[in-house]
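Dear colleague,

Please find the structure below, handed over for your review. My findings follow directly after it.

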Amino acid sequence: MSTPEQLSHFLAEVERRAYRHAAYTVRDDQAALDIVQDAMLKLAEKYLDRPAEEYPMLFQRILQNTIRDYFRRQKVRNFWTTAMSFVMPGQDDHADDGDAIEHLQLTSESDDPANQADTTQRLAIIQEALEKLPARQREAFLLRYWEEMDTAETATIMGCSEGSVKTHCSRAVHALSKYLESKEITL
């Protein structure tokens with residue numbers, strides 16, 4: 001059994017990466033914040049009695065399920081919004097057309113504005129490349145390489161075989177490499 005301090009330490013350690021993961025997946029900063037908060041609350045409410053070593057796997061599984069729930073709700077919401085727009089014409093939904101690119105705080109060894117602008121541009125292109133991946137490839141890629149999980153852990157979280165994880169990751173890496181090459185970016 002873990003202590004509340006261990007849980008608090010784990011959540012503080014994982015929150016920023018979890019937010020970025022959710023933001024890349026759902027492409028909505030506010031929804032990503034809600035998703036991470038919901039996942040953290042579920043972990044705290046239901047799994048405080050578990051050993052702290054189990055938190056990373058449990059949290060990733062909860063986070064993935066919360067993201068899937070978000071997409072299910074969006075699908076239903078979009079269906080009814082579209083259906084109601086035919087019933088009630090003339091009420092346009094003026095959603096924000098703002099840029100969905102996450103603004104990351106950049107650290108650079110040099111304060112050179114040109115260098116910082118170049119780094120910002122590269123990050124935007126990398127994010128764009130991630131957003132173009134199919135959902136399962138993006139999920140596998142982020143879990144394996146962003147969260148640094150092994151194939152077995154990723155397969156457990158995604159609810160698929162290790163072979164599927166390897167296939168998704170391979171296709172994602174190939175697609176990302178090809179896209180970044182087309183934008184003349186080398187890492």
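The notes below deal with helix α1 and with two helix packings.

This is a predicted model, in which local features need pLDDT of at least 70 and side-chain atom pairs count only at pLDDT 80 or more, while totals for chains, interfaces and linings use all residues. Residues are numbered from 1 along each chain as its sequence is written, and side-chain values use heavy atoms, with hydrogens and water left out.

Helix α1 spans residues 4-26 and bends by about 45° at Glu-15 (the angle between axes fitted to the seven residues ending there and the seven starting there). Among its buried residues are Leu-7, Phe-10, Leu-11 and Val-14 (buried means under 20% relative accessible area, with a 1.4 Å probe and protein chains only). Just after α1, Arg-27 adopts a positive phi of about 60°.

Helix α4 (residues 113-132) packs against helix α7 (residues 162-182) at an angle of about 140°, the axes being 10 Å apart. α4 is therefore oblique to α7 (oblique covers angles that are not under 35 degrees, not over 145 and not 65 to 115). In this contact (heavy atoms within 4.5 Å), the α7 residues are Leu-176, Tyr-179 and Leu-180. By class, the contact of α4 with α7 has seven nonpolar, no polar and two charged residues.

Helix α6 (residues 151-158) also packs with α7, at an angle of about 100° and with the axes 8 Å apart. α6 is therefore roughly perpendicular to α7 (angles of 65 to 115 degrees).

With kind regards

Key. Axes fitted to C-alpha atoms, helices over the stretch in contact; angles between N-to-C directions. Helix = DSSP H or I, 4+ residues; strand = E, 2+ residues; numbered from the N terminus. Nonpolar A, V, L, I, M, F, W, Y, C, P; charged D, E, K, R; others polar. Buried < 20%, exposed > 50% of the residue type's maximum accessible area, 1.4 Å probe, protein only.
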